[in-house]
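Q: Please examine one part of this model closely and then place that part in the setting of the whole chain.

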Amino acid sequence: MSIPFTTRLPSSLAKSIEFLAKIKKSDKSTILRQLIERGLKEELTLVAIELLQKGEVTLWKAAEIANMSLWDFMEEIKKRKIIIYDQEDLENDLDVLRRFR
């Protein structure tokens, strides 16, 4: 279901959208939807990563925020070379290993 959404754009953005519509042989609404979808996907991914790094959400919840499967989100983190395993995690894992000696 589509919902109408009205906004004002600077003329420079409007010209760029018109240019893309012409080059891609598409209408301006389609171009705008595609741009919004790409931008929103990126912004949600950035927010999810930030929340994950701060420890405010789990990996699973971060993937949900980014509208990705857990595996896709993990691949995205890997692609961006983001480390979510910190010193505390390492120390906890070492403690567990020491108990099994």
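A: On the outward side of helix α4, the residues W71, K78 and K79 are exposed. The model is a predicted one, and every value below is computed from it.

The other side of the helix gives the contrast. Helix α4 spans residues 70-79, and its buried residues are F73, E76 and I77. These residues lie on the same side of α4, because they cover an arc of only 100° around the axis. The partners of this buried set are α2 (28-53) and α3 (59-65), against which the buried residues of α4 pack. Helix α4 thus has one side with F73, E76 and I77 buried, and another side where W71, K78 and K79 are exposed. Just after the helix, K81 adopts a positive phi of about 55°.

One of the two partner helices, α2, also holds E42. With a relative accessibility of 34%, E42 is classed as partly exposed, since that class covers values between the 20% limit for buried and the 50% limit for exposed. E42 is separated from A66 by 24 residues in sequence, while their C-alpha atoms are 8.2 Å apart in space.

The wider setting is helical. The protein contains 5 helices and 0 strands, and from the N terminus the order of elements is α-α-α-α-α. The protein is more spread out than a compact globule, because its radius of gyration is 21 Å, well over the 13 Å that the globule rule gives for 101 residues. Along the principal axes, the C-alpha atoms fill a box of roughly 70 × 25 × 25 Å.

Burial and contacts can be described for the chain as a whole. Of the 101 residues in the protein, 17% are buried; F73, E76 and I77 of α4 are among the buried residues. Among contacts with a separation of 6 or more, 23% are accounted for by residues 24 or more positions apart.

The surface and the charges complete the description. The protein exposes about 8,800 Å², and carbon and sulfur atoms supply 58% of that area. There are 18 positive and 17 negative side chains in the protein, with the centres of the two sets 11 Å apart.

Methods: Residues are numbered from 1 along each chain as its sequence is written. This is a predicted model: local features need pLDDT of at least 70, side-chain atom pairs count only at pLDDT 80 or more; totals for chains, interfaces and linings use all residues. Side-chain values use heavy atoms; hydrogens and water are left out. Helices (H or I, at least four residues) and strands (E, at least two) are DSSP runs, numbered from the N terminus. The radius of gyration is taken over C-alpha atoms; the globule rule is 2.2 Å times the number of residues to the power 0.38. Buried means under 20% relative accessible area, exposed over 50%, partly exposed in between (1.4 Å probe, protein chains only). Contact means heavy atoms within 4.5 Å. Accessible areas come from the Shrake-Rupley method with a 1.4 Å probe; for residues, only the protein chains shown count as cover. Lys and Arg count as positive and Asp and Glu as negative; His and the chain ends are not counted. The place of a charge is taken as NZ of Lys, CZ of Arg, CG of Asp or CD of Glu. The arc is that of the directions from the helix axis to the C-beta atoms.
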